[in-house]
Amino acid sequence: MRGSAVLAAVVVVSALIQALTVLGDPVPTSSLGFAGLVLASAAAVVLALWITASTALDVVNGNASGALSRAWRRPRVLVWCVVLTGVAVALAILFPLLPAIVILVALLILPSVADGQRNPFHAALATVRQFPGRCAVAAVVTILAYVLAWVVALVLGFFVTGVLAAFVTWLWFGASASVLLVYWSRLYRRAALI
């Protein structure tokens, strides 16, 4: 599959899984069934982020053929996705806007992790040093996309409910994440070539 097709497939499949987790309008309880739904939802987020981050770099590199199989050979990206998702969830419990910080960090470091860099923070700082203006604009766009995504989710929650709302919301989240990861991967690649 070509890179953009992989990204689109990941967005749609992830949105379908998220929509299925709200099928039957589950009520939060301390049951095994509800815990299973939460775990399925979290796993879908992490796996989608893993494949998307890996594929975004392949798209930027112009090597989209075989992107999905390469994602499976990048387990460090998966580890980083698990850690970053866990931190974002923990911060969201404290204050709903705090995950925007984790999202910015993730967008900065995941391209270098996918590229096999041993120190992704060093590579992220190099990107910022090379393109401070572009990174600042990308950060503002990222924060606006984050706020807009939650506004879209709230509006859908009020006017469209259930499975359809979950599906459309996660389509929006996934498409936004894909576009942002491709953009940040492009910044990383340009900085790495200089």
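Here is a walk through this structure, helix by helix and then residue by residue. Keep in mind that the model is predicted.

Let's begin with helix H1, which covers residues 3-20. A helix rises by 1.5 Å a residue, so the 18 residues of H1 should span 26 Å, and the C-alpha atoms at its two ends are indeed 26 Å apart. Now look at which parts of H1 are hidden. The buried residues are Gly-3, Val-6, Leu-7, Val-10, Val-11, Ser-14, Ala-15, Gln-18 and Ala-19. There is a rhythm to such numbers that is worth knowing: an α-helix has 3.6 residues a turn, so residues three or four places apart point the same way. What covers the buried residues of H1? The cover includes helix H2 (32-61), helix H3 (67-72) and helix H8 (162-193).

Next, find the nonpolar interior. In soluble globular proteins, nonpolar side chains tend to be buried together. Here the largest nonpolar core has 34 residues, and those with the most contacts inside it are Val-77, Leu-84, Leu-110 and Trp-184. At least two residues of this core come from each of H2, helix H4 (75-94), helix H5 (99-114), helix H6 (120-130), helix H7 (132-159) and H8. H5 gives the most, with eight residues. To see one member up close, turn to Val-77: leaving aside residues up to four places away in sequence, Val-77 touches Trp-50, Ala-53, Leu-110, Val-113 and Ala-114. Another core, of five residues, lies apart from the largest one, and among its members are Val-6, Val-10, Ile-51 and Ala-71.

Now zoom in on a single residue of helix H2, Thr-52. Is Thr-52 buried or exposed? Its relative accessibility is 5%, so Thr-52 counts as buried; the cut-off for buried is under 20%. The side chain of Thr-52 reaches the backbone oxygen of Ala-48 at 2.6 Å. Beyond residues up to four places away in sequence, Thr-52 also touches Leu-7, Val-10, Ser-178 and Leu-181.

Let's finish with an open space. The second largest pocket has a volume of about 200 Å³. Of the 13 residues that line this pocket, Ala-9, Val-10, Val-13, Ser-14 and Ile-51 are the closest to its centre. Which elements give two or more residues to the lining of the second largest pocket? They are H1 and H2, and H1 gives the most, with six residues. You have met Val-10 several times now: Val-10 is buried in H1, belongs to the core of five residues, touches Thr-52 and helps to line the second largest pocket.

Definitions and conventions:
Residues are numbered from 1 along each chain as its sequence is written. This is a predicted model: local features need pLDDT of at least 70, side-chain atom pairs count only at pLDDT 80 or more; totals for chains, interfaces and linings use all residues. Side-chain values use heavy atoms; hydrogens and water are left out. Helices (H or I, at least four residues) and strands (E, at least two) are DSSP runs, numbered from the N terminus. The expected span of a helix is 1.5 Å times one less than its number of residues. Buried means under 20% relative accessible area, exposed over 50%, partly exposed in between (1.4 Å probe, protein chains only). Contact means heavy atoms within 4.5 Å. A nonpolar core is a set of buried Ala, Val, Leu, Ile, Met, Phe, Trp, Tyr and Cys residues joined through side-chain atoms within 4.5 Å. A polar contact is a pair of N or O atoms within 3.5 Å; within protein, one must be able to donate a hydrogen and the other to accept it, and residues adjacent in sequence count only if both atoms are side-chain atoms. On a 1 Å grid over the protein atoms alone, a cavity is a set of points where a 1.4 Å probe fits but cannot get out, and a pocket is an open set with protein on both sides within 12 Å along at least five of seven lines; lining residues have an atom within 4 Å of a point. Grid points are joined across faces, edges and corners, and a volume is the space filled by probe spheres set on the points.
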